[in-house]
Structure formats: structure tokens, C-alpha cells
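Trainee: I'd like a close look at a single part of this model, taken slowly. Could you pick a good place to start and then show me what lies around it and elsewhere in the chain?

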Amino acid sequence: MAVTDEVQLQVKNIYMAFGGVQALMDISLEVKKGEIFSIIGPNGAGKTVLLNCINGLYHPQRGQIYFEGKEISKLKPHHRAEIGISRTFQKIELFKGTSVLDNIRLGRHIHLKSGLISGSIYLGKTAREEIEHRDFIEKEIIDLLEIEHIRDKVVGMLPYGLQKRVELARALALNPKVILLDEPLAGLNLEEVEDMARFILDINEEERWQTTCVLVEHDMGVVMDISHRVMALNFGEKIAEGTPTEIQKNPNVIKAYLGEVEDLYVTRR
Ligand SMILES: Nc1ncnc2c1ncn2[C@@H]1O[C@H](COP(=O)(O)OP(=O)(O)OP(=O)(O)O)[C@@H](O)[C@H]1O
Ligand SMILES: [Mg+2]
């Protein structure tokens, strides 16, 4: 999807502390519709806390969040999901004892509250349409992420790399406008990383999906490769923002990653 000038998601002067730990200090950012906007930073920099504030799991002590021009700071996570903000988690959050397909359905059910509508003959038109729509989305997701062969498998029995893919499938089941991805590449092998990076690009670029992505990732090769813009956090502070090329040259970023500098220069393609 081409990046537009429209600001889809705006974070304004967010401050969040846990006791004495200042996790986010006056963070602002604007994500444009169509962007892959990445957030990088060393461990404990505040990246996950920031995603938690954006999707409503955390309520920062100060600051506001806007989605498509409307303030959403007070909305609950399921409400934010309903209006189009979906996410994946750093620690996989799936129902390990149930099938891939059920996880995709349950994810949608829990977040949307709209209910898993049973196949009753008394279903009204709207309910039937909802089921058809759901089936359609499920098929599209399964095709996109190439998980047809595991759709009926129990999630807990799958290798980690496939579980990460199911996690993405679950988030996509909400048919989101913006997807927040917390370390989707962590723990994956090289081939799985390449697959996942391609899926993220597909979600962003393909006509059908056109999803704005906010990506938290440590894999600098992929971040620099697929992001339109990158923001760097360190100890709760924003230390840089710009294009991948600008970020790689930024002295603050290089200093924050001292010892890992060469990682910043790895590019995959
Ligand atoms: N619920 C919480 N209660 C107390 N402190 C928290 C909580 N969540 C996060 N923190 C603290 O906030 C800071 C930022 O944490 P965060 O999880 O956002 O880091 P991160 O950038 O995601 O790191 P990583 O790359 O390791 O995932 C850390 O000091 C962390 O200990
Ligand atoms: Mg984190």
C-alpha cells in the first residue's frame, strides 16, 4: 500500500511510570496510513509498554492517543480492536489446547464481543452474513499465511515458528486497519524470519489487506529492510526518528546499541 499523508495513529506526549521506573517519558509519534512504522530500542526501552498503551492494555498517566483523528485514550482494548487496532504479543497468547482455526475464531470472538454465532436455523440475515463474512476472512488469512495444512491441528503441538504465524492469523482475524506487532520474528530461524517478513509486507502492501503496521523488532536487518520509518527508544525516551537510512547513521542510536553496532548495518536484500 502506498504511504499516504493521512495520520492514522497519533500518540501525544505519553508518560507512563511503574513506581520508580519511568517506562515512557513524553513520547509522541504519528503513524501515517499505509506505513510500516518500526519501533526499536534495547531491552527494557519501553517498546512493549508503548504498544500496551496504544491498544489500551495500559493507561498512561499522561498523554493522549488518537486513531483516525478521534481520541481513543479512554477506550478499553476490545473497543480499540473493534475500531480496527489489532495486535500480536511478544509472548504468544494463544489457546494452546485448541485448533488453529478455533484460535482464529476465538481471537475474533473475545476481542469483538460480537459472539461466535452458532449454526442455528433461526439465524437472522445479519447473523448469516456475519458467518459468511467470517468464513471468507478465515480463508483469506489461511491462504495468505500458508497455514491450510495445520488449520485443524492443536496449537500447543505445533513448532514455535508456526505458533507465531497463528498468532499473526489471530490478529488478522479482526480485519484490522492497524496491526501492532510485538517482536514477530523473535525465536524464528532464518527461513521462518524470511517468511514472516514477507507476510508483514503482504499485509501492508496487498490490495486486499492494506494494513498499517507498527512493528517492534530487534532484527535490524528486517527492520531496516521493510520499514518506511523507524523510531528508536532508549530508557523510555525517544532518541531518534527517521527513515531506515537516517536511523542507521544516527549517533544516538549507534550509542544506544554500542556493542551491537554491526547489527544496524545488516541488510537482507
Ligand atoms: N507491568 C509492569 N509493571 C512494572 N514495570 C513494568 C511493567 N511493564 C513494563 N515494566 C517496566 O517498564 C520498562 C519497559 O519495559 P518494556 O517491556 O516496554 O521493554 P521493551 O522495550 O519491550 O523490552 P524488550 O525488548 O526486552 O521486550 C522496563 O523497565 C520494565 O521492567
Ligand atoms: Mg518488549
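Mentor: Happily; I'll begin at the metal site, stay with the helix that serves it, and then move outwards to other places.

A word on conventions first. The model is predicted, so local features need pLDDT of at least 70 and side-chain atom pairs count only at pLDDT 80 or more, whereas totals for chains, interfaces and linings use all residues. Residues are numbered from 1 along each chain as its sequence is written, chains are lettered from A and ligands numbered from 1 in the order in which they are written, and side-chain values use heavy atoms, with hydrogens and water left out.

Now the site itself. The magnesium ion, ligand 2, is coordinated by OG1 of Thr 48 and OE1 of Gln 90, at 2.0 to 2.2 Å. Donors here are N, O and S atoms within 2.8 Å of the metal (3.2 Å for Na, K and Ca), and because water is not among the atoms, a site may look incomplete. The two coordinating residues bring together distant parts of the chain: Thr 48 belongs to helix H1 (residues 47–55), while Gln 90 sits in the loop between strand S6 (85–87) and helix H3 (100–112), 42 residues apart. Helices (H or I, at least four residues) and strands (E, at least two) are DSSP runs, numbered from the N terminus. How exposed are the two residues? Thr 48 has 25% relative accessibility, so it counts as partly exposed, and Gln 90, at 35%, counts as partly exposed too. The cut-offs are under 20% relative accessible area for buried and over 50% for exposed, with partly exposed in between (1.4 Å probe, protein chains only).

H1 gives the site a mostly covered setting, since eight of its nine residues are buried. Those eight are Lys 47, Val 49, Leu 50, Leu 51, Asn 52, Cys 53, Ile 54 and Asn 55. Right after the helix comes Gly 56, with a positive phi near 95 degrees. Cys 53 has 1% relative accessibility and so counts as buried; Cys 213, at 0%, is buried as well. What about disulfides, meaning pairs of cysteine sulfur atoms within 2.5 Å? By that rule, the count is zero.

A little further along the chain, Ser 73 lies in the loop between strand S5 (70–71) and helix H2 (77–82). Its relative accessible area is 13%, so Ser 73 is buried. Setting aside residues up to four places away in sequence, Ser 73 touches His 59, Gly 63, Gln 64, Ile 65 and Arg 80; contact means heavy atoms within 4.5 Å.

Strand S3 (residues 36–40) holds Ser 38, which is buried with a relative accessible area of 0%. Ser 38 and Val 216 are 178 residues apart in sequence, yet 5.7 Å apart from C-alpha to C-alpha. Beyond neighbours within four places in sequence, Ser 38 contacts Leu 215, Val 223, Ser 227, Arg 229, Val 230 and Met 231.

A helix pair is worth a visit too. Helix H5 (residues 160–172) packs with helix H6 (residues 190–205) at an angle of about 10 degrees, their axes 11 Å apart. Axes are lines fitted to C-alpha atoms, for helices over the stretch in contact, and angles run from 0 to 180 degrees between N-to-C directions. H5 and H6 are therefore roughly parallel, the label for angles under 35 degrees; over 145 is roughly antiparallel, 65 to 115 roughly perpendicular, and the rest oblique. From H5 the contact takes Gly 161, Lys 164, Arg 165, Leu 168 and Leu 172, and from H6 it takes Glu 192, Asp 195, Met 196, Phe 199 and Ile 203. In H6, Asp 195 is at 18% relative accessibility and so counts as buried. The C-alpha atoms of Asp 195 and Arg 165 are 9.5 Å apart, with their positions 30 residues apart along the chain.

For backbone checks, look at two loops. Glu 146, in the loop between helix H4 (125–144) and H5, has a positive phi near 55 degrees without being a glycine. Gln 210, in the loop between H6 and strand S8 (212–216), is also not a glycine and has a positive phi of about 45 degrees. By contrast, most residues other than glycine have a negative phi.

Stepping back, the protein has nine helices and ten strands, and 51% of its 269 residues count as buried.

Methods:
Disulfide = S-S within 2.5 Å.
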